[in-house]
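Please open the structure in the viewer and keep the sequence panel visible alongside it. The tour below proceeds by selection, one stop at a time.

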Amino acid sequence: MTPIEEQKRAVGYAAVDRFVRDGMLIGLGTGSTAYFAIERTGQMIARGAHIRAVPTSLATAALCEHFGVPTIPVPRDARLAVAIDGADEIDPRFDLIKGGGGALFREKIVALVAERFVVVADASKRVATLGAFPLPLEVVPFAAPYVERAVRALGVHVVERVRADGPFRTDNGNVILDCAYGAIPYPAATLAALSGIEGVVAVGLFVALATDVLIAGPDGVIDLLRED
Ligand code: 5RP
């Protein structure tokens with residue numbers, strides 16, 4: 001395991017140890033850091049805890065099965081006690097860019113139905129201003145040419161995400177447009193503008209959703225304090 005992988009494991013485990021308790025319904029995120037939260041949840045269950053999880057992607061659902069974590073759909077009549085997920089960028093107000101793995105839509109729904117949304121990351125994800133990481137938009141394929149033109153009209157370079165073996169499709173059958181903003185000084189305004197474009201299913205800006213951010217570094221895991 002590389003030092004960065006060890007940090008990801010430390011922070012994924014710390015989030016579960018700190019926030020997950022026997023009997024909870026939880027949300028489990030997608031990506032290489034959330035992986036360790038899934039693994040740790042499986043360890044709790046192996047020791048006798050009754051925990052059920054809403055997975056934020058098909059990949060996470062498969063990992064839950066692998067680690068023995070029972071999964072459920074988004075509940076109609078209850079909130080999740082906590083959701084734990086990674087991020088691509090985290091600013092001092094705890095606003096985030098997510099969707100590097102293409103799971104942004106389900107990740108956002110899970111964050112929205114959780115009482116507490118805990119972000120786990122290594123220190124490289126902290127930024128002063130969001131936007132160096134290309135902002136993902138999940139878009140209905142039929143509307144993609146229109147959305148691409150609308151975003152380009154804002155002066156933003158847009159690239160449709162592809163994989164080595166062809167076009168990228170999300171778990172919902174949609175495409176991802178990666179938008180090179182450079183800097184997003186007003187995330188709420190950018191979120192509102194992009195959400196208003198017909199055909200956009202989800203914007204990878206998570207504004208005012210994260211309640212807690214745990215960051216791993218070489219000296220251990222720290223709990224960030226939000227700056228307002
Ligand atoms: C997936 C995500 C991930 O949480 C984000 O890309 C961070 O992943 P990692 O922990 O592997 O760096 O938003 O859609």
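Select Phe168 to begin; this is a predicted model, and in it Phe168 counts as buried because its relative accessibility is 13%, which falls under the 20% limit for that class. Phe168 belongs to the loop that runs between β10 (166-167) and β11 (175-180). Add Gly27 to the selection and draw a distance between the two C-alpha atoms: the separation is 24 Å in space, for residues 141 apart in sequence.

Proceed next to the loop between β11 and α6 (187-195), where Ile184 is placed. Is Ile184 buried or exposed? Its relative accessible area is 2%, so Ile184 is buried. Now select Ala132 as well: the C-alpha atoms of Ile184 and Ala132 are separated by 8.5 Å, with their positions 52 residues apart along the chain.

From there, move to Ala128, in the loop between β6 (117-122) and β7 (135-139). Ala128 counts as exposed because its relative accessibility is 67%, and the threshold for that class is over 50%. A distance drawn from the C-alpha atom of Ala128 to that of Val175 reads 29 Å; the two residues are 47 apart along the chain.

The ligand

Display the ligand and the residues around it. How many residues surround the ligand? There are 16, and the closest are Ser32, Thr33, Asp88, Gly99 and Lys125. Colouring this shell by residue class shows 2 nonpolar, 9 polar and 5 charged residues. If pockets are displayed, the ligand will be found in the largest pocket.

Three polar approaches to the ligand may be inspected in turn. Begin with Ser32, which places a polar side-chain atom 2.5 Å from an oxygen atom of the ligand. Turn next to Gly101, where a backbone N or O atom lies 3.2 Å from a ligand oxygen atom. Finish with Gly102, whose backbone has a polar atom 3.4 Å from an oxygen atom of the ligand. Switching to a surface view, one may note that the protein covers 91% of the 380 Å² of accessible area that the ligand has on its own.

The loop between β1 and α2

Keep the ligand displayed and select Thr33, one of the closest residues to it. Thr33 is located in the loop between β1 and α2. With a relative accessibility of 4%, Thr33 counts as buried. The C-alpha atom of Thr33 is separated by 25 Å from that of Val139, a residue 106 positions away along the chain.

Thr30 is the next selection, in the loop between β1 (25-28) and α2 (34-46). Thr30 counts as buried because its relative accessibility is 17%, a value under the 20% limit. Show the side chains here: which side chain does that of Thr30 contact? The partner is the side chain of Thr56, in a polar contact of 2.7 Å.

Positive phi angles

The last two stops concern the backbone. Select Phe94, found in the loop between β4 (89-90) and β5 (96-97). Phe94 is not a glycine, yet its phi is positive, at about 70°. Its relative accessible area is 3%, so Phe94 is buried.

Then select Ala208, in the loop between β13 (205-206) and β14 (212-217). Ala208 likewise is a residue other than glycine with a positive phi, in this case near 55°. Is Ala208 buried or exposed? Ala208 counts as exposed because its relative accessibility is 66%, and exposed residues are those over 50%. To close the tour, show both residues together: Phe94 is buried, whereas Ala208 is exposed.

Definitions and conventions: Residues are numbered from 1 along each chain as its sequence is written. This is a predicted model: local features need pLDDT of at least 70, side-chain atom pairs count only at pLDDT 80 or more; totals for chains, interfaces and linings use all residues. Side-chain values use heavy atoms; hydrogens and water are left out. A residue is near a molecule or strand if one of its heavy atoms lies within 4 Å of it. A polar contact is a pair of N or O atoms within 3.5 Å; within protein, one must be able to donate a hydrogen and the other to accept it, and residues adjacent in sequence count only if both atoms are side-chain atoms. Accessible areas come from the Shrake-Rupley method with a 1.4 Å probe; for residues, only the protein chains shown count as cover. On a 1 Å grid over the protein atoms alone, a cavity is a set of points where a 1.4 Å probe fits but cannot get out, and a pocket is an open set with protein on both sides within 12 Å along at least five of seven lines; lining residues have an atom within 4 Å of a point. A molecule sits in a cavity or pocket if more than half of its atoms lie within 2 Å of its grid points. Ala, Val, Leu, Ile, Met, Phe, Trp, Tyr, Cys and Pro count as nonpolar, Asp, Glu, Lys and Arg as charged, and the others, Gly among them, as polar. Helices (H or I, at least four residues) and strands (E, at least two) are DSSP runs, numbered from the N terminus. Buried means under 20% relative accessible area, exposed over 50%, partly exposed in between (1.4 Å probe, protein chains only).
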